[in-house]
Amino acid sequence: LQYQSKVNMFTGDVICVEALIRWQHPDRGLVQPLEFLPIIEGHAFSLEVGEWVIGTALAQINQWQSMAINLPISVNISAYQLQQDNFHTRLATLLAAHPEVDPYSLELEILETSELSDINRVSATMDACHALGVRFALDDFGTGYSSLTHLRRLPAYLIKVDQSFE
């Protein structure tokens, strides 16, 4: 994972970091996610990768906290991962492995371009995750499947509007 700062443009303070997955290929070097994530999307391996990312982000939060650095980490999750029947249970297990980490320090971002097949079920899953203390953001709103109706039905605390709306 690599971490990209999110900065408050008014104060210049780093307020969060976003975890970005990269693949260090032995011949090709650093491979960007758009080159490999679509290949694994929808397969069981993508769930393992998604859980690894969340677990690694939680371990990083713990390490930073031990150094008196309190930065939340934002992690992108796929619609496929979020729509698994046991997603909130798996998330609870990952959080339990890092009891010293405040779940509020973890933000899960759902790409708005992801197809969410059952909005009611996704909303219920998000509510269950909120009960664990984890926040959600809807990323790149306006580029994909969502409508303004989704804004009312999905309990996201943050909506990141796509830059095409400048």
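Right after helix H5, Gly133 adopts a positive phi of about 105°. The model here is a predicted one, and the helix that leads up to this glycine is a handy place to start.

Helix H5 takes in residues 119–132, 14 residues in all. At 1.5 Å a residue that length should span 20 Å, and the C-alpha atoms at its two ends do sit 20 Å apart, so expectation and model agree. Which residues of H5 are buried? They are Ile119, Val122, Ser123, Thr125, Met126 and Cys129. Looking down the axis of H5, these buried residues fall within an arc of 160°, so they line one face of the helix. Turn to the face pointing away from that buried side, and the exposed residues Asn120 and Ala131 show up.

Next comes the strand pairing. Strand S5 (residues 73–77) and strand S6 run parallel, joined by five bridges. Within this pair, Ser74 stands opposite Glu107 of S6. Strand S6 itself covers residues 106–111 and is mostly tucked under cover, with five of its six residues buried.

The surface has something to offer too. Val7, Met9 and Val14 together make a nonpolar patch of about 300 Å². Of these, Met9 belongs to the loop that links strand S1 (2–7) to strand S2 (14–20). Is Met9 buried or exposed? Its relative accessible area is 75%, and since exposed means over 50%, Met9 counts as exposed.

Terms used
Residues are numbered from 1 along each chain as its sequence is written. This is a predicted model: local features need pLDDT of at least 70, side-chain atom pairs count only at pLDDT 80 or more; totals for chains, interfaces and linings use all residues. Side-chain values use heavy atoms; hydrogens and water are left out. Buried means under 20% relative accessible area, exposed over 50%, partly exposed in between (1.4 Å probe, protein chains only). Helices (H or I, at least four residues) and strands (E, at least two) are DSSP runs, numbered from the N terminus. Two strands pair if DSSP finds at least two bridges between them. The expected span of a helix is 1.5 Å times one less than its number of residues. The arc is that of the directions from the helix axis to the C-beta atoms. Patches are made of residues with over 30% relative accessible area and no salt bridge: like charges are joined within 9 Å, nonpolar side chains (Val, Leu, Ile, Met, Phe, Trp, Tyr) within 5 Å. Accessible areas come from the Shrake-Rupley method with a 1.4 Å probe; for residues, only the protein chains shown count as cover. A salt bridge is a side-chain nitrogen of Lys or Arg within 4 Å of a carboxyl oxygen of Asp or Glu.
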